[in-house]
Amino acid sequence: MNNDIEEILFDQQQIHEAAVRLGQRITEDYAGQKPLVLSVLKGAYLWTADLIREIDLYVDLEFIKISSYHGGVTSSNEIQLVTDVQSDVKDRDVLILEDIVDTGQSLQFLKDLLKDRGAHSVQVATFLDKKEGRKIEIDADYVGFDVRNEFVVGYGLDYADLYRNLPYVGILKKDIYS
Ligand SMILES: O=P(O)(O)OC[C@H]1O[C@H](OP(=O)(O)OP(=O)(O)O)[C@H](O)[C@@H]1O
Ligand SMILES: Nc1nc2[nH]cnc2c(=O)[nH]1
């Protein structure tokens, strides 16, 4: 599996440091509040596990599963809600945890959904931000790393549902998917 990676972009130490840095900021910014942390499956499962352990607050943890990529490396405009949250988000301060914001379509879908359901506030902590990929003007509030416009895998991010268990983030060799 490691042989399929062209270049490692962020290693375990760098990822840990990003979680610590963002965890401290979130702890300060949400002081006195009890946010509802909403982890977006599947990609954000490792980022969620690492980041929430660096947040020194009472939090509720919920999961939602949406789908926008269908086995390939290009995005689909069609976002589907696959598994919904289990609790009411009305009047809650929701902190969405994403693994990557690329076109921005998934994030827009989620923010619209939560606002429609009456969330008091909606903010986003994304592990990776691929700003060059944007099709929609939307920004995350907390960003672990900016990432260049390449298809990356590892640390939760997949290609054809593989590579999520790589402990680092890397660029997938093009011959794997071409
Ligand atoms: O900004 P966008 O272009 O919308 O892309 C970002 C989304 O794409 C990936 O999800 P995916 O649909 O691949 O599902 P997964 O998390 O289960 O891998 C990723 O986890 C984000 O949710
Ligand atoms: N694995 C993976 N999923 C994505 N979803 C949106 N962009 C990406 C990417 O670069 N890699």
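**View 1. An open sheet of 3 strands, in the order 1-9-8, with antiparallel pairing.** The edge positions of this sheet in the predicted model are taken by strand 1 (5-10) and strand 8, each of which pairs on one side only. Strand 8 and strand 9 run antiparallel and are joined by 2 bridges, and within this pairing V153 has G170 of strand 9 as its bridge partner.

**View 2. The loop between strand 8 (152-153) and strand 9 (169-172), with Y163.** Y163, which is found in this loop, has a phi near 75°, a positive value in a residue other than glycine. Is Y163 buried or exposed? With 22 other C-beta atoms within 10 Å, Y163 is buried, because a residue reaches that class at 20 or more such atoms.

**View 3. The loop between strand 4 (80-83) and strand 5, with D91.** D91 is not a glycine, although its phi is positive at about 65°. The residue lies in the loop that leads from strand 4 to strand 5, and with 10 other C-beta atoms within 10 Å it is exposed, since the exposed class covers residues with 12 or fewer.

**View 4. Strand 5 and its parallel neighbours, strand 2 and strand 6.** Strand 5 is joined to strand 2 by 4 bridges, the two strands running parallel, and in this pairing the bridge partner of L38 is I96 of strand 5. Strand 5 also runs parallel to strand 6 (residues 121-129), to which 8 bridges join it; here V94 has V122 of strand 6 as its bridge partner. Of the 9 residues of strand 5, 8 are buried, so the strand is largely enclosed by the rest of the structure.

**View 5. The largest nonpolar core, with 45 residues.** The residues with the most contacts inside this core are L38, V94, L95, I96, L97 and A125, and strand 5 (residues 93-101) gives the most to the core, with 6 residues. When residues up to four places away in sequence are not counted, I96 touches L38, V40, L110, V122 and V124. In soluble globular proteins, nonpolar side chains tend to be buried together.

**View 6. The cis peptide bond from L41 to K42.** The omega angle of this bond is near 0°. K42 is found in the loop that runs between strand 2 (36-41) and helix 2 (45-52).

**View 7. The surroundings of ligand 2, formed by 10 residues.** Among the residues that surround ligand 2, the closest are I100, D102, F151, V152 and L157. How many residues of this shell are nonpolar, polar and charged? The shell around ligand 2 divides into 7 nonpolar and 3 charged residues, with no polar ones.

**View 8. The whole chain, shown for orientation, with 4 helices and 9 strands.** Along the sequence these elements follow the pattern β-α-β-α-β-β-β-α-β-β-β-β-α. The radius of gyration of the chain is 16 Å, close to the 16 Å that the globule rule gives for 178 residues, so the chain is as compact as a globular protein of that length. Taken along the principal axes, the box filled by the C-alpha atoms is roughly 50 × 35 × 25 Å. Of the 178 residues, 37% count as buried, and among contacts between residues at least 6 apart in sequence, 67% join residues at least 24 apart.

Methods. Residues numbered from 1 in each chain as written. Chains lettered and ligands numbered in written order. Predicted model: local features only at pLDDT ≥ 70, side-chain atom pairs only at ≥ 80, totals over all residues. Near = placed C-beta within 6 Å. Nonpolar A, V, L, I, M, F, W, Y, C, P; charged D, E, K, R; others polar. Rg over C-alpha atoms; globule rule 2.2 N^0.38 Å. Contact = placed C-beta atoms within 7 Å. Core = buried A, V, L, I, M, F, W, Y, C linked by C-beta atoms within 7 Å. Pairing = 2+ DSSP bridges.
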